[in-house]
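Open the model in a viewer with the sequence panel beside it. The stops below each give a selection and what is found there.

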Amino acid sequence: MNAVYSYKIVDSALKDADRKKRIVKGYFAAFNIKDSDGDIIRPGAFAKTIAENGPDSTRPRIKHILNHWPSQPLGRLKSLTEDAHGLLYESEIGTHDLGNDFLKMVDSGLITEHSIGYRIMKEEQDRENEINYLNELKLWEGSSLTAWGANEFTPLVSAKGNDVDMLEKKMAAIEDFCKNSDATDETIELLLLQVKQLHQYIIDLKNSTEPRIGTQPRKDMGEKYAKAISDIHALFV
């Protein structure tokens, strides 16, 4: 039986963003690309779920959230369509604190990947070529990601040894945003938790017992940043 809920990540920065109107556009998924799971999403895979639960349906239930966290809604989906590339969305970002923080992260270039939470309804296996074609998917949500993905078509490939530099650049980008942004404390703490997770992942990859990057606050950090990273550090020691 197919899993009730699975993730699929796509390397896709936002296609367009209008901060004044609070509108963002991007792709939640891409077609005709074999990913690290051996899956290929075929065009038309989202047609039924969009008709049944998309923003123009009589029962709109598909959400736009952050990092697959149901408690972190970003905005209201205005449109969800398939085009030649993939699953294109347009979302009106909310005026709540997280919505404001999200727009700041968009401006900073921190949002570089998207993902979907879905269930496979119809699939077709090509065992000879080790491909699983996803012909119909039930979509629960589309997520904008602040961290990294384990899909070979994302910027942070499955993170083998030669991907450590990319992971560290992502960490640096998140840390830079946290140090220089006036985002809310909650958002900063969540982002710094991801920094800690990425840092531990790098350590695991290198099979090392010594961290390469310190986790204690530095003197040049802002007060809010220093306190947040200290609180996150305390969770892991």
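Select Thr81 and Leu88: in this predicted model, threonine 81 stands opposite leucine 88, a residue of strand 7. Extend the selection to the whole of strand 6 and strand 7, which pair in the antiparallel sense over seven bridges. The link between strand 6 and strand 7 is a hairpin of three residues.

Keep strand 7 (residues 86-93) and add strand 3 (residues 23-30). Strand 3 pairs with strand 7 in the antiparallel sense over seven bridges. To find the register, pick lysine 25, whose bridge partner in strand 7 is glutamate 90. Is strand 7 mostly covered, or mostly open? Seven of the eight residues of strand 7 are buried, so it is mostly covered.

**The second largest pocket**

Return to strand 6 and colour Gly75, Arg76 and Leu77, then add Ile62 and Lys63. The second largest pocket holds about 190 Å³ of space. Its lining has 14 residues, and Ile62, Lys63, Gly75, Arg76 and Leu77 are the closest to its centre. Two elements give two or more residues to this lining, strand 5 (63-66) and strand 6 (69-82). Strand 6 gives the most, with five residues. Sorted by class, the lining of the second largest pocket comprises seven nonpolar, four polar and three charged residues.

**Helix 2**

Move along the chain to residues 97-108, which form helix 2. With 12 residues at 1.5 Å each, helix 2 should span 16 Å, and the 17 Å between its end C-alpha atoms agrees with that. Colour Leu98, Gly99, Asp101, Phe102, Leu103, Lys104, Met105 and Val106 to see the buried residues of helix 2. Then step just past the end of helix 2 to glycine 109, where phi is positive, at about 80°.

**The second largest cavity**

Met105 also leads to the next stop, as one of the residues that line the second largest cavity. How many cavities of 30 Å³ or more does a search of the whole structure find? There are two. The second largest cavity contains about 40 Å³ of space. Show Leu66, Asn67, Trp69, Met105, Thr146, Thr187, Leu190, Leu191 and Gln194 as sticks to outline it. Helix 4 (residues 185-206) gives the most to this lining, with four residues. The lining of the second largest cavity has five nonpolar and four polar residues, and no charged residues.

**Strands 8 and 9**

Next select residues 113-126, strand 8, together with strand 9; the two pair in the antiparallel sense over 13 bridges. Four residues lie between the strands in this hairpin, and there glutamate 130 takes a positive phi near 55°. Beyond the turn, glutamate 124 stands opposite tyrosine 133 of strand 9.

Now centre on leucine 134, also in strand 9. From leucine 134 to glutamate 124 is 10 residues in sequence, and 6.7 Å in space from C-alpha to C-alpha. Leucine 134 counts as buried because its relative accessible area is 0%. Leaving aside residues within four places in sequence, which residues are in contact with leucine 134? They are Lys8, Asp39, Ile40, Ile41, Arg42, Ala45, Tyr118, Ile120, Lys122 and Glu123.

Go on to glutamate 136, within strand 9 (residues 131-145). Glutamate 136 has a relative accessibility of 15%, so it counts as buried, the cut-off being under 20%. Not counting residues up to four places away in sequence, glutamate 136 touches Ala45, Lys48, Arg119, Ile120, Met121 and Lys122. Ala45, Ile120 and Lys122 are among the contacts of leucine 134 as well.

**Helix 3**

Select residues 164-180 for helix 3. Its 17 residues at 1.5 Å each should span 24 Å, and its end C-alpha atoms are 24 Å apart, which agrees. The buried residues to colour in helix 3 are Val164, Leu167, Glu168, Lys170, Met171, Ile174, Glu175, Phe177 and Cys178.

**The whole chain**

Finally, clear the selection and zoom out. The protein chain has five helices and nine strands, in the order β-β-β-β-α-β-β-β-α-β-β-α-α-α from the N terminus. Of its 237 residues, 46% count as buried. Among contacts in the protein chain with a separation of 6 or more, 67% are between residues 24 or more positions apart.

How values were computed:
Residues numbered from 1 in each chain as written. Predicted model: local features only at pLDDT ≥ 70, side-chain atom pairs only at ≥ 80, totals over all residues. Heavy atoms only, no water. Expected span 1.5 Å × (residues − 1). Buried < 20%, exposed > 50% of the residue type's maximum accessible area, 1.4 Å probe, protein only. Contact = heavy atoms within 4.5 Å. Pairing = 2+ DSSP bridges. 1 Å grid on protein atoms, 1.4 Å probe; cavity = no way out; pocket = protein on both sides within 12 Å on 5 of 7 lines; lining within 4 Å. Points joined across faces, edges and corners; volume = space filled by probe spheres on them. Nonpolar A, V, L, I, M, F, W, Y, C, P; charged D, E, K, R; others polar.
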